Structures are given as C-alpha cells and as structure tokens.
Amino acid sequence: MPERLTEMLMDTWTPLIILWITVLPSIYMAPMNQSQVLPSGSSTGLKRLNEEQRVLHRSKRGWVWNQMFVLEEFSGPEPILVGRLHTDLDPGSSKIKYILSGDGAGTIFVINDKTGDIHAMKRLDREEKAEYTLTAQAVDRDTNQPLEPPSEFIIKVQDINDNAPEFVEGPYHATVPEMSVVGTFVTKVTATDADDPVYGNSAKLVYSILEGQPYFSIEPHTAIIKTALPNMDREAKEEYFVVIQAKDMGGHMGGLSGTTTVTITLSDVNDNPPKFAQSLYHFSVMEDVALGEPIGRVKANDLDIGENAKSSYDIIEGDGMDVFEITTDAQTQDGIIRVRKPLDFETKKSYTLKVEAANIHIDPRFLSGGPFKDTATVKIVVEDADEPPVFSSPTYLLEVHENAALNSVLGQVTAHDPDVSSSPIRFSIDRHTDLERQFNINAEDGKITLATPLDRETSTWHNITIVATETRNHSQVSRVPVAIKVLDVNDNAPEFASEHEAFLCENGKPGQV
C-alpha cells in the first residue's frame with residue numbers, strides 16, 4: 001500500500017510540477033531590473049496579467065535581455081503573445097518605434113512597433129527549430145534614427161511531450177547460447193525521443209517487456225536484455241519472440257510509448273550425447289563380398305546440430321574386430337561397416353560386434369550429465385555363396401616313361417565343391433593346351449591317361465590344363481595346370497656319323513685298311 005500511495009501521489013503532482021516548471025522560467029528568468037519573459041498561453045489570459053510582468057525594460061546603460069519562451073504546438077484563435085519589449089527612453093509617447101529583425105521576424109514573429117508586443121503568428125514545432133535569434137532596436141518614429149544600439153535576444157520554443165519514442169533500428173534479432181545462466185547478456189535495444197532531453201521528462205525513457213517473460217528481462221534504463229530463466233533448452237524451443245516497450249515521462253501515467261520486437265534464437269551447445277536408434281542391428285553378407293565393400297549402416301542420433309552433433313564410430317569388442325571396420329559418413333553421420341578380410345562361410349558363419357559412437361567435440365560444462373557416447377550390438381551373418389570347385393593342389397607334376405602303353409594312367413587330379421551343397425565335379429582337358437590330343441581324362445575321377453605314344457626325343461615336356469566344372473552350375477569352373485615330364489628309356493641304338501668311323505671302330509686301328 002505505501003508503494004501504491006506513492007505512485008498515486010506522483011501521478012497527481014507530476015502535471016502540476018510540469019506546469020510550475022513551464023511558468024517559472026517566464027516569471028523568474030527575466031532580467032533583474034523588472035524585465036519579464038512570459039510563457040505562451042491564451043491571449044485572453046495574457047491580457048489579464050500585470051503589465052509589468054510582460055515588459056522587457058532597457059536600462060540606462062542599454063538593453064538587458066534574457067530569453068523569451070513560447071510553447072510549441074500551441075494554437076488559438078488569435079496570435080500568441082510571446083512578450084513585450086520596452087526601453088526606459090520611452091516616456092509613454094508615440095515617438096518611439098520598435099523594430100524587430102532576425103530569424104522569422106515579420107513572418108513568424110511580429111512586433112507592435114508602438115507597444116513592443118511580440119506575437120507568434122504561426123504554430124511552432126520545437127523539433128523542427130528549437131530557438132530563434134532576433135534583434136530589437138528602438139528608433140525615432142519621425143527620423144528613423146536609432147535611439148540606441150540594437151540588441152540581440154533569443155526566443156526559445158518550449159517543449160511539450162508530443163513525440164512518442166521510436167526504435168529506429170528495430171526489429172531486432174539476437175542470439176544467446178542455450179542453457180545460459182540467468183543474467184546472461186542477450187542484446188541492447190535503443191529508442192529515441194525527439195522531445196527535449198533537457199527540459200522536463202518528455203524524453204526520459206523507461207523500458208519494459210510486454211511479451212517474452214519469464215524467459216527474458218530488460219534493464220529499465222539501459223535497455224539491456226538478459227536471460228531470466230535458467231536452462232533454456234534449444235531442443236525444446238529454439239526461438240522466442242519478445243516485445244519491448246519504451247515509455248517517456250519516466251514511465252509515468254500519461255507518457256507516450258513505442259514498441260519494437262526482438263527475435264531471440266538459442267544457439268546450440270553440446271548438451272546431448274549421441275544415441276543409437278536401436279540397441280541391436282542385424283546384417284547379412286555373402287561370403288564372396290569384395291574387400292572394402294559396405295555391408296551395413298548404423299546410426300547414432302544426436303539432438304544437437306552442426307559440430308556438436310558430429311560423432312566418430314569404433315568397434316570396441318567382438319569376434320570380428322580384425323575382419324570388419326567402421327567409418328563415419330561425413331554427410332549423414334552414419335557408421336558404415338565394411339569388410340577388411342575375406343569371409344568364408346564354411347569356416348565361420350556369423351560374427352558379433354560391439355560398436356561405439358562418441359561425440360567429437362565435448363563441452364566440459366556438461367560432462368556431469370554423463371558420457372557423451374553410446375554403444376550398440378551388431379550381428380553379422382555370413383551367407384554361403386556358390387563358389388567354384390577347389391583343386392587339391394594349385395599345380396600338378398606328372399612323370400611318364402616314353403614307352404608307356406596307351407591308356408595307361410599317368411596320374412590323377414582331384415577337386416571338390418567347397419559349398420555346403422557340394423555339387424559333383426566333372427573334369428575335362430582344355431584342348432587348346434593339347435591340340436594333338438595326346439592325353440585323356442576321366443570326367444568322373446580325374447585320372448589322366450595316355451592317348452598317343454610319347455617320344456622323349458621329340459618332346460620332353462607336355463603342359464596341359466585341366467578344367468573342373470560343377471554339374472549343378474556349369475558357370476562355376478576352375479582350372480589347374482598339369483605339367484607332364486616324359487622320362488627316357490633305352491630305345492635308341494648308337495649311330496655312327498659315317499662308314500669310315502665305323503671301319504675304324506671295327507679294326508681298332510685307325511688308318512689301317
């Protein structure tokens with residue numbers, strides 16, 4: 001109640017104080033020898049004032065001037081009396097003529113050359129022109145000769161509260177980090193008031209928030225906007241629309257006001273850890289997948305944005321840490337799982353991995369909220385691929401005597417289907433490697449036999465290629481090289497180069513016939 005009573009008294013006395021301030025300079029700011037400067041008002045009221053209260057006297061040593069005042073924006077049915085000029089040389093006769101020159105003389109301000117009364121002929125605006133400098137002079141009416149030197153004085157346009165505050169730079173946009181503490185600086189707004197900042201309270205501004213509480217506050221006199229609520233979360237609400245009011249007259253009743261808007265955006269901080277969309281992922285992959293090929297993607301979502309949402313992925317546990325790797329997709333922030341080593345369905349049919357996603361950029365202020373990482377389990381099933389037959393040896397070396405009988409077995413190649421289905425295998429000779437068809441092979445058991453006689457003296461080596469084909473899928477083919485070495489037998493008698501050499505050998509005595 002005491003505070004409310006104080007406000008009521010202030011509201012009651014403020015207009016009276018303003019009126020007193022307005023009238024006081026007119027009465028007491030005049031020259032010290034009875035000269036007076038009168039405020040503007042209705043002409044009827046001014047006529048009732050004592051004549052001496054409206055007269056500016058000239059001392060014996062010259063004019064003693066002070067300022068005259070006229071209230072802006074005042075208009076009435078008759079010109080406004082601003083004040084009266086008078087010199088002590090004037091005995092009351094009509095021989096004195098008053099002349100006015102300077103700013104607005106003859107147009108805005110007109111002087112009665114007999115009485116010295118100065119009237120404002122137009123409505124004045126202080127914000128357009130705050131004061132006028134004029135010159136007064138008393139001359140002889142008959143000769144126009146100066147009776148004394150001219151004197152300069154000023155008519156000031158007195159301010160009234162006719163301009164509302166304006167935010168010339170609005171609307172405003174500002175940014176403040178989310179989760180900021182109470183009292184964090186957001187921005188500063190500024191309003192201007194065209195009224196007189198010196199006289200009265202017409203330009204004394206007080207700021208307040210019309211919309212935007214309880215999230216933000218504004219300092220009434222500095223217009224600094226600050227956070228007023230702790231732990232504002234961008235992920236819950238990112239943008240706030242705040243309405244600011246500036247009111248003149250010190251914020252009291254009757255003051256004029258203006259408003260502006262401030263759009264405040266909460267900028268992101270890293271206050272959220274990554275979180276996998278699911279705790280368990282299942283992938284399948286063919287055993288014959290190429291190395292480096294991606295087999296699946298995992299995703300750890302982060303409510304933050306930009307740099308604060310970036311995560312790195314790692315395989316931290318599992319039986320396939322050396323078989324698989326995980327990398328981060330820079331565009332989508334997915335974790336891409338790839339094959340590092342060859343897979344073999346027949347050897348290992350499944351793998352279990354534990355992958356981790358961790359934020360790259362950590363804000364130490366929020367470490368107490370928990371680790372900025374998350375884990376998930378990845379199960380990978382290796383599927384059987386239809387693989388070609390596998391020979392028991394990468395190469396074969398066979399030996400055969402040159403006098404071997406036709407259809408004799410030189411050796412055998414073996415192959416099997418590594419798939420679970422284990423398709424039967426058929427063998428054949430690539431005839432491009434055995435154009436003379438010197439060898440045959442049993443299609444069922446892979447035994448190689450001799451088809452034509454061999455002669456070591458003609459060819460010591462024969463290189464052929466054996467083809468193994470799955471009977472269930474003829475596209476699954478394997479090849480193996482077979483080298484056949486022909487071994488010598490004593491099937492050639494010695495031969496002489498000539499009859500002479502033969503004769504020498506029979507007699508044992510060279511040169512005797």
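**View 1. Strands β30 and β33 pair in the antiparallel sense, and five bridges join them.** In this predicted model, one of the places where the two strands meet is at I429, whose bridge partner in β33 is I466. I466 also stands opposite V480 in β34, so that residue can be followed from one pairing to the other when the view is inspected. Strand β33, residues 461–470, is largely enclosed by the rest of the structure, because eight of its ten residues are buried.

**View 2. Strands β33 and β34 form a hairpin, with six residues between them.** The partner strand β34 covers residues 477–487, and nine bridges join it to β33 in an antiparallel arrangement. Within this hairpin, V480 of β34 is the residue found opposite I466. Strands of a sheet pair through backbone hydrogen bonds, and they may do so in either a parallel or an antiparallel manner.

**View 3. D434 is found in the loop that lies between β30 (425–429) and β31 (439–441).** Is D434 buried or exposed? With a relative accessibility of 4%, D434 counts as buried, because that value falls under the 20% limit. A polar atom of the D434 side chain lies 3.2 Å from the backbone nitrogen of F439. When neighbours within four places in sequence are left aside, D434 is in contact with I429, F439 and I464. Of these contacts, I429 is the residue that has I466 as its bridge partner in β33.

**View 4. An open sheet of three strands has the order β28-β32-β31, and its pairing is antiparallel.** The edge strands are β28 (409–412) and β31, each of which pairs on one side only. Neighbouring strands of this sheet are turned against each other by 25 degrees on average, with direction ignored. Between β31 and β32, the latter covering residues 447–450, the antiparallel pairing runs over three bridges. I441 is a useful point of reference here, since I448 in β32 stands opposite I441.

**View 5. The rings of F391 and F427 form a tilted aromatic pair, because their planes stand at 50 degrees and their centres are 6.4 Å apart.** This pair links distant parts of the chain, with F391 in strand β26 (residues 390–391) and F427 in strand β30, 36 residues apart. Both partners can be described by their accessibility: F391 counts as buried at 12% relative accessibility, and F427 is likewise buried, with a relative accessible area of 7%.

**View 6. Y281 and F283 form a stacked aromatic pair, with 6.4 Å from centre to centre and 10 degrees between the planes.** This is one of nine aromatic pairs that the structure holds. Y281 and F283 are both buried, and together with F276 and Y313 they form one aromatic cluster. F276 also has contacts beyond its neighbours within four places in sequence, including Y281, V298, Y313, V355 and A376.

**View 7. The largest nonpolar core has 24 residues, among which F276, V298, F324, I337, L343, V378 and I380 touch the most other members.** At least two residues of this core are supplied by each of the strands β19 (280–286), β20 (294–301), β21 (311–318), β22 (324–328), β23 (334–339), β24 (350–359) and β25 (373–383). F276 belongs to the aromatic cluster shown in the preceding view, and its contacts include V298, which is also named among the core residues that touch the most other members. In soluble globular proteins, nonpolar side chains tend to be buried together.

**View 8. An open sheet of four strands has the order β4-β10-β9-β6 and mixed pairing.** The edge strands are β4 (68–71) and β6 (96–102), and each of them pairs on one side only. From one strand to the next, the twist averages 30 degrees. Seven bridges join β6 to strand β9 (residues 131–140) in the antiparallel sense, and the bridge partner of Y98 in β9 is A138.

**View 9. The chain as a whole contains three helices and 34 strands.** Of its 513 residues, 40% are buried. Among contacts between residues at least 6 apart in sequence, 68% join residues at least 24 apart.

How values were computed: Residues numbered from 1 in each chain as written. Predicted model: local features only at pLDDT ≥ 70, side-chain atom pairs only at ≥ 80, totals over all residues. Heavy atoms only, no water. Buried < 20%, exposed > 50% of the residue type's maximum accessible area, 1.4 Å probe, protein only. Polar contact = N/O pair within 3.5 Å; in protein donor to acceptor, adjacent residues only side chain to side chain. Contact = heavy atoms within 4.5 Å. Pairing = 2+ DSSP bridges. Axes fitted to C-alpha atoms, helices over the stretch in contact; angles between N-to-C directions. Core = buried A, V, L, I, M, F, W, Y, C linked by side-chain atoms within 4.5 Å. Phe/Tyr/Trp six-rings, centres within 6.5 Å; stacked < 30°, edge-to-face > 60°.
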